[in-house]
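Work through the exercises below with the sequence and the model open. Try each task before you read its solution.

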Amino acid sequence: MPEVTSPYQAGTPCWVDLAAPDQQAAIDFYSAVFGWAGEVGPAETGGYAVCTLNGKPVAGIMAAVPMGGQPAPPTVWTSYLAAADAGATSQAVSQAGGTLLMPVTDVMSLGRMCIAADPTGAVFGIWQPMDFPGAGIVNESGALIWNELNTTEPSAAAAFYKAAFGIESAPMEGAEHYYGLTVNDRPVGGMQPMSEQMPADTPSHWLVYFAVADTDATVEKITSAGGAALQQPFDMVAGRMAVVTDPQGATFAVINPKPMDQG
């Protein structure tokens with residue numbers, strides 16, 4: 001398989017992981033839905049499972065348990081933004097109005113990480129790669145394809161991510177009230193105001209999208225495995241998508257993307 005020859009540019013989503021009360025059940029569910037392979041990891045990494053697709057790392061799944069006196073993390077997918085220096089980036093996050101929820105931590109020789117929230121409340125991770133650069137496969141069926149910030153205050157969020165990470169935002173052509181996020185003019189994600197279709201108490205959040213070959217069939221597989229559809233499959237500018245939850249309540253999106261030459 002081809003090696004990852006260069007790290008993700010700073011500010012680019014480079015990894016996603018899930019905290020689940022029942023780790024093994026989560027591994028089984030996503031393996032059935034997306035064709036991943038994964039198993040509970042060694043004790044020295046807290047049992048963290050690095051799931052693979054076609055032999056390449058695609059996402060992490062960990063047990064949602066209390067650690068270091070802190071309560072168990074919520075059952076959510078977390079998007080990690082790449083950083084050249086996690087310490088300096090965490091300082092930039094604080095200076096730009098963000099909040100550090102977990103301090104910078106060494107993950108053996110794999111990298112350095114921390115967890116933070118932007119000024120609108122959306123939680124994200126920071127990953128400084130060392131031995132582990134992040135996702136080894138993206139933009140293919142069963143893999144991460146998009147990271148989307150749903151926020152109560154797009155203007156405040158845009159200013160924050162530009163100051164802390166150098167991420168630029170601009171209205172996306174053909175998509176009303178939707179903003180494209182770019183790093184060095186390269187699209188890395190999207191941003192939109194919180195949808196009126198979301199429950200009123202839904203906080204600002206990063207939504208993870210996985211690519212699929214058939215959105216309707218995937219949603220059927222998800223619901224038959226105990227998950228639920230929050231938004232049934234629908235056609236939009238980038239393809240046919242749906243917003244779903246897994247059996248333990250973690251929300252994510254699936255999309256069968258349109259070919260790029262069709263917009």
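**Exercise 1. A loop residue**

Where in the chain does V138 lie, and is V138 buried or partly exposed?

Solution.
- Step 1. Start with the location. V138 sits in the loop that links β7 (123-129) to β8 (144-151).
- Step 2. Remember that this is a predicted model. The computed relative accessible area of V138 is 28%. Buried requires under 20%, and exposed requires over 50%. V138 is therefore partly exposed.
- Step 3. Look for contacts. Set aside the neighbours within four places in sequence, and V138 is in contact with Y8, A143 and L144.
- Step 4. Compare sequence and space. V138 and C14 are 124 residues apart in sequence, yet their C-alpha atoms are 9.3 Å apart.

**Exercise 2. The sides of a helix**

Which residues of α3 are buried, and which exposed residues does the face turned away from them carry?

Solution.
- Step 1. Find the helix. α3 covers residues 154-165, 12 residues in total. From first C-alpha to last, α3 reaches 16 Å, close to the 16 Å expected at 1.5 Å a residue.
- Step 2. List the buried set: P154, A157, A158, F160, Y161, A164 and F165.
- Step 3. Check their directions. The buried residues cover an arc of only 165° around the axis, so they lie on the same side of α3.
- Step 4. Recall the geometry. An α-helix has 3.6 residues a turn, so residues three or four places apart point the same way.
- Step 5. Turn to the other face. Away from the buried side, α3 carries the exposed residues S155 and A163.
- Step 6. Go one residue past the helix. G166 follows α3, and its phi is positive, near 75°.

**Exercise 3. The eight-stranded sheet**

What is the strand order of the open sheet, and which strands are at its edges?

Solution.
- Step 1. Trace the eight strands: β9-β10-β11-β8-β12-β15-β14-β13, with mixed pairing.
- Step 2. Identify the edges. β9 (168-171) and β13 (228-236) each pair on one side only.
- Step 3. Check the twist. Neighbouring strands are turned by 25° against each other on average, ignoring direction.
- Step 4. Zoom in on one pair. β10 (residues 179-183) and β11 (residues 186-193) run antiparallel, paired over five bridges. T182 stands opposite P187 in β11.

**Exercise 4. The whole chain**

How many helices and strands does the chain have?

Solution.
- Step 1. Count the elements: four helices and 15 strands.
- Step 2. Test the packing. The radius of gyration is 17 Å, close to the 18 Å from the globule rule for 263 residues, so the chain is as compact as a globular protein of that length.
- Step 3. Add burial. Of the 263 residues, 43% count as buried.

Definitions and conventions. Residues are numbered from 1 along each chain as its sequence is written. This is a predicted model: local features need pLDDT of at least 70, side-chain atom pairs count only at pLDDT 80 or more; totals for chains, interfaces and linings use all residues. Side-chain values use heavy atoms; hydrogens and water are left out. Helices (H or I, at least four residues) and strands (E, at least two) are DSSP runs, numbered from the N terminus. The expected span of a helix is 1.5 Å times one less than its number of residues. Buried means under 20% relative accessible area, exposed over 50%, partly exposed in between (1.4 Å probe, protein chains only). The arc is that of the directions from the helix axis to the C-beta atoms. Contact means heavy atoms within 4.5 Å. Two strands pair if DSSP finds at least two bridges between them. Axes are lines fitted to C-alpha atoms, for helices over the stretch in contact, and angles run from 0 to 180 degrees between N-to-C directions. The radius of gyration is taken over C-alpha atoms; the globule rule is 2.2 Å times the number of residues to the power 0.38.
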